[in-house]
Amino acid sequence: MAKKTLFCLLIMYSSTMRSSSALAMQVTSPKSVVVIGGGIQGTSVAYQLWKRSPSSKITILEAKGPASAASGKGGGFMARSWGDGGDTEGLHHVAFDMYEKLADELGCKTYRKLPVLSVAPGKDGRGTQKAKKKLGDIMPGWLDGNVGGVNVMGYGDDTAQITPKEFVEKMLEKSGVDVVIGECVGCATSDVTGGKEITGVNYIDRETQEEKLMEADAVVVSAGPWSCAAEDWFDTVDLPMEGVKSTSIVWKEQSNVDACALFCGEDYRFNTHLEVYPRPDSTIYICGIGGSDYISTEDLKQGAFREECNAKEDRVQAASDAFKEMSDTYRQSGELDRVQACMRPCPPDAKPYMGAIPGYKGAYINAGHNCWGIAWAPASGLAMAELIMEGDSSSINLKPFSPARFTRRATGGRGRKKGGEDVGEQW
Ligand SMILES: Cc1cc2nc3c(=O)[nH]c(=O)nc-3n(C[C@H](O)[C@H](O)[C@H](O)COP(=O)(O)OP(=O)(O)OC[C@H]3O[C@@H](n4cnc5c(N)ncnc54)[C@H](O)[C@@H]3O)c2cc1C
């Protein structure tokens with residue numbers, strides 16, 4: 001019995017060694033990679049690729065400007081343990097542990113750890129008085145209006161924040177990654193045994209409006225919600241995506257803005273469930289404003305809300321009123337600095353697409369990171385860089401994030417299928 005087990009183990013060991021060395025032999029690190037999309041996800045992939053292989057040419061192809069969409073307008077909150085037990089646990093853990101070092105390496109001033117409270121809406125100041133007694137120093141000075149129950153969700157050891165725009169800008173500033181401004185409209189390929197391989201990227205130059213070809217031996221689609229357009233570039237994947245378009249507001253800086261994030265319960269007076277993030281520059285960012293719009297895959301493929309994405313006035317009013325109800329300080333002297341809107345990218349199962357696109361050597365996708373696209377960015381960047389340069393990711397299990405998981409498969413019969421669609425014998 002023991003001998004049999006040992007024999008099996010030896011067979012398993014030798015076949016594992018064989019297959020991994022065969023895989024290692026097959027992997028040729030690309031010399032020139034184009035990352036489509038200059039949000040926090042695309043830039044993190046580019047930055048980690050550059051760190052791993054500084055001699056490779058790494059270019060970001062960005063339609064409008066780096067961090068011009070959700071990565072310039074999102075909150076920037078992160079929580080190490082809030083995905084525990086699920087498929088995204090590794091993304092939360094690895095990214096949280098990387099952020100502190102990266103912020104230091106890049107000289108980001110907006111990263112810090114901070115405590116988090118849950119706050120129920122309330123009609124008078126009694127909740128605030130009770131919470132001050134119960135919570136002491138954690139209770140921020142600016143939470144001095146009407147609230148209900150207040151409880152601690154995190155003491156600041158495993159919750160933190162960063163302003164995503166600064167993080168994107170620093171990664172670009174401190175690396176040898178090039179940025180080209182233009183819209184990707186497809187990928188150039190050539191036929192190889194068993195499929196196709198990437199030879200470049202077709203794009204419209206934003207300044208000249210000319211269509212151009214950028215040569216590359218690998219491409220990473222990381223264009224946030226608009227990444228679903230890639231299902232028309234690669235006929236082996238369906239990439240369903242919904243864009244959830246939401247308004248956010250930022251209050252002007254004030255003195256002594258204590259660092260403490262709030263997650264507020266649904267306030268039916270205003271139809272809000274505010275998320276409140278005071279920032280190190282003493283402004284206060286607020287999202288969770290309600291009234292989001294849901295943008296379809298077809299509209300996203302046409303570039304919906306990429307050029308312009310405006311705040312909803314009624315939601316700005318509701319969020320301001322709801323926050324002033326909670327804060328006498330801001331009721332008396334709060335002034336809005338800016339109002340804005342942006343989209344989070346949501347695949348149907350709320351998990352990102354991360355991996356190689358089947359049938360196309362050198363094609364990858366890293367998109368659809370939903371409401372955690374800022375928090376997970378360093379981990380997805382690292383995992384994708386490992387996959388592209390070494391053939392597999394040792395940091396993150398990418399299996400649950402397979403880009404092919406929604407692809408309708410051919411179901412047999414004589415006709416050939418492209419995805420789920422019958423295309424007869426000729427395809
Ligand atoms: C209101 C709000 C608050 C949020 N708060 C948080 C938070 O606190 N913490 C957190 O972790 N996450 C948060 N998120 C989610 C987070 O902002 C997103 O998941 C993240 O920014 C997505 O990053 P991305 O790089 O994938 O996409 P994006 O930031 O959308 O960037 C995609 C880029 O691709 C470019 N692009 C699109 N199509 C093309 C093309 N064809 N060719 C070239 N370029 C193209 C676009 O111009 C854009 O710059 C929030 C989201 C919203 C809406």
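This passage walks through the ligand site, two pieces of sheet and a few loop residues of a predicted model.

The ligand is a good place to start. Its shell counts 38 residues, with Glu 62, Ser 71, Phe 77, Asn 370 and Ala 375 the closest of them. Sorted by class, the shell splits into 21 nonpolar, 13 polar and 4 charged residues. Backbone atoms also meet the ligand's oxygen atoms. A polar backbone atom of Gln 41 sits 3.0 Å from a ligand oxygen, one of Gly 76 comes to 2.9 Å of a ligand oxygen, and for Gly 373 the corresponding distance is 3.2 Å. On its own the ligand would expose 1000 Å², and the protein buries 97% of that area.

Several elements share the job of lining this site. Those giving two or more residues to the shell are helices α2 (40-52) and α3 (70-73), together with strands β2 (57-62), β8 (178-192), β15 (284-287) and β17 (336-346). The largest share belongs to β17, which puts in 4 residues. Seen at the level of domains, the shell takes at least three residues from domain 1 (30-104 + 164-239 + 349-401) and at least three from domain 2 (115-155 + 242-346).

Next comes strand β11, which covers residues 218-221. In a regular strand, side chains alternate between the two faces of the sheet. That pattern shows up here: Ala 218 and Val 220 point one way, Val 219 and Val 221 point the other way, and all of them are buried. Strand β11 has parallel pairings with two strands named here. With β1 (residues 32-36) it shares 4 bridges, and within that pairing Ile 36 stands opposite Val 221. With β20 (residues 363-367) there are 3 bridges, again in the parallel sense, and Val 219 has Ala 363 as its bridge partner.

A separate look goes to an open sheet of 3 strands, ordered β3-β7-β4 and paired in the antiparallel sense. The edge positions go to β3 (77-79) and β4 (112-113); each has a single partner strand, so one side of each is left without a neighbour in the sheet. Between β4 and β7 (residues 159-161) the antiparallel pairing rests on 2 bridges, with Arg 112 placed opposite Gln 161.

Back on the chain after β11, the loop that leads to β12 (242-251) holds Glu 231. Is this residue buried or exposed? Its relative accessibility is 18%, and the cut-off for buried is under 20%, so Glu 231 counts as buried. The side chain of Glu 231 has two polar neighbours worth pointing out. A polar atom of that side chain lies 2.7 Å from the backbone nitrogen of Leu 239, and a polar contact, also of 2.7 Å, links it to the side chain of Lys 301.

Two loop residues round things off with their backbone angles. Most residues other than glycine have a negative phi. Asn 271, however, has a positive phi, near 55 degrees. Asn 271 belongs to the loop between β13 (261-264) and β14 (275-278), where it is partly exposed with a relative accessible area of 43%. Ser 282 also has a positive phi, near 70 degrees, and is found in the loop that runs between β14 and β15.

Technical notes: Residues are numbered from 1 along each chain as its sequence is written. This is a predicted model: local features need pLDDT of at least 70, side-chain atom pairs count only at pLDDT 80 or more; totals for chains, interfaces and linings use all residues. Side-chain values use heavy atoms; hydrogens and water are left out. Buried means under 20% relative accessible area, exposed over 50%, partly exposed in between (1.4 Å probe, protein chains only). Two strands pair if DSSP finds at least two bridges between them. A residue is near a molecule or strand if one of its heavy atoms lies within 4 Å of it. A polar contact is a pair of N or O atoms within 3.5 Å; within protein, one must be able to donate a hydrogen and the other to accept it, and residues adjacent in sequence count only if both atoms are side-chain atoms. Accessible areas come from the Shrake-Rupley method with a 1.4 Å probe; for residues, only the protein chains shown count as cover. Ala, Val, Leu, Ile, Met, Phe, Trp, Tyr, Cys and Pro count as nonpolar, Asp, Glu, Lys and Arg as charged, and the others, Gly among them, as polar. Domain bounds come from an automatic or database domain assignment.
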